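I opened this model to look up how its chains pack. My notes follow in the order I made them.

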Amino acid sequence: MRALSAFLSGGLFGAGLLVSGMVDTTKVQGWLDVFGSWDPTLAFVLGGAILPMAIAWRYAQGRAPRLGGAFPPQTDPRLGRNLVLGSVLFGAGWGLAGLCPGPAVASLSFGGWQGLTFLAAMLAGMAAAPPVRGWVDGIADAA
Amino acid sequence: MIEQDWIWGLVGGLMIGSAAALYLLVNGRIMGASGILGGLIDGSGRKDWTERAAFVLGLLVMPVFLVPLYDSVNTHATQNVAILVVAGLLVGVGTRLANGCTSGHGVCGISRLSLRGIVATVFYVLAGGLAVALFKHVLEVI
């Protein structure tokens, strides 16, 4: 059941990314391009996505997930260097190629060799992240 | 069709948010693409790998059935291998360091008014804007 629900959620996510145009790197880069011909589409996508999720968070209060377990607790509010450094690195890559992890997977079937290349590099980056995190923590501890 | 882009953006956004709501309310998990994928890659998600793999499979397969409904679907990604590799590495390392990407921090975090989600989003949008400004308008390589 958990896998079926996850499959449906992933499918709906993929359909939404396709319908919204977020698999098109020119739309993503167009939104980030405030000095060029700015494309507002991504703002509508993010706004549209936050709406049902805000309702879901509210509904979740005082309840439990349908398939058992508990809802993820509100995260530790500490910000930390990994959050900031990681987001800056991610944003730079996102701007450079116009792809983030969801669309990189969703567009794999039609994205050609470029999509495969980006995804392979992204997965390698994910595999390299734990040692990089340790390295960042080491530098901070030494300082 | 250009003038209707925002409507499709909104419709697609509502679908993305509904997918996240389904994953939260039924499975009790945050729908973050980088976290779900990353847990499969670095082994941290070994105990619930079927759930993660099922999500990734749905994400990968669903567009296959929808693409024929469009005249043409194109990611318009750059042909520059170096840019694709560098950008992919940055996205992979960055999202795992930050513990989230556009879906986890952006959609799931902001909707919960999570400070971490909001701060992460501010930083990746700023960095993305700077990257586009630098590489498109100054260096003119993208």
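**Entry 1: the α1 pair**

I looked first at how α1(A) and α1(B) cross, and the crossing is left-handed (the near helix is turned anticlockwise from the far one by less than a right angle; clockwise would be right-handed). Helices here are DSSP runs of H or I with at least four residues, numbered from the N terminus. The model is predicted: local features need pLDDT of at least 70, side-chain atom pairs count only at pLDDT 80 or more, and totals for chains, interfaces and linings use all residues. Residues are numbered from 1 along each chain as its sequence is written, and chains are lettered from A and ligands numbered from 1 in the order in which they are written.

I then read the geometry. α1(A) and α1(B) pack at about 165°, with axes 7 Å apart. Axes are lines fitted to C-alpha atoms, for helices over the stretch in contact, and angles run from 0 to 180 degrees between N-to-C directions. The angle therefore makes α1(A) roughly antiparallel to α1(B) (over 145 degrees). I sorted the residues of this contact into 15 nonpolar, 9 polar and 1 charged. Ala, Val, Leu, Ile, Met, Phe, Trp, Tyr, Cys and Pro count as nonpolar, Asp, Glu, Lys and Arg as charged, and the others, Gly among them, as polar.

**Entry 2: α3(A) against α5(B)**

I checked helix α3 (residues 41–60) of chain A against helix α5 (residues 102–110) of chain B: about 55°, axes 7 Å apart. They are therefore oblique to each other (outside the ranges under 35, 65 to 115 and over 145 degrees). A:L46, A:A49, A:I50 and A:M53 meet B:G106, B:V107, B:C108 and B:I110; contact means C-beta atoms, placed from the backbone, within 7 Å. I found 7 nonpolar, 1 polar and no charged residues in this contact.

**Entry 3: the whole interface**

I looked up the totals. In chain A, 105 residues are in contact with 100 residues of chain B. The chain A side has 67 nonpolar, 33 polar and 5 charged residues.

**Entry 4: core and burial**

The largest nonpolar core has 84 residues, and A:M53 and A:F118 are among those with the most contacts inside it. Such a core is a set of buried Ala, Val, Leu, Ile, Met, Phe, Trp, Tyr and Cys residues joined through C-beta atoms within 7 Å. Helix α1 (residues 5–27) of chain B gives the largest share, 11 residues.

I ended on α2(A), where 7 of 8 residues are buried (20 or more other C-beta atoms within 10 Å of their own). A:W31 is one of them.

Technical notes
Helix = DSSP H or I, 4+ residues; strand = E, 2+ residues; numbered from the N terminus. Contact = placed C-beta atoms within 7 Å. Buried ≥ 20, exposed ≤ 12 C-beta atoms within 10 Å, placed from the backbone.
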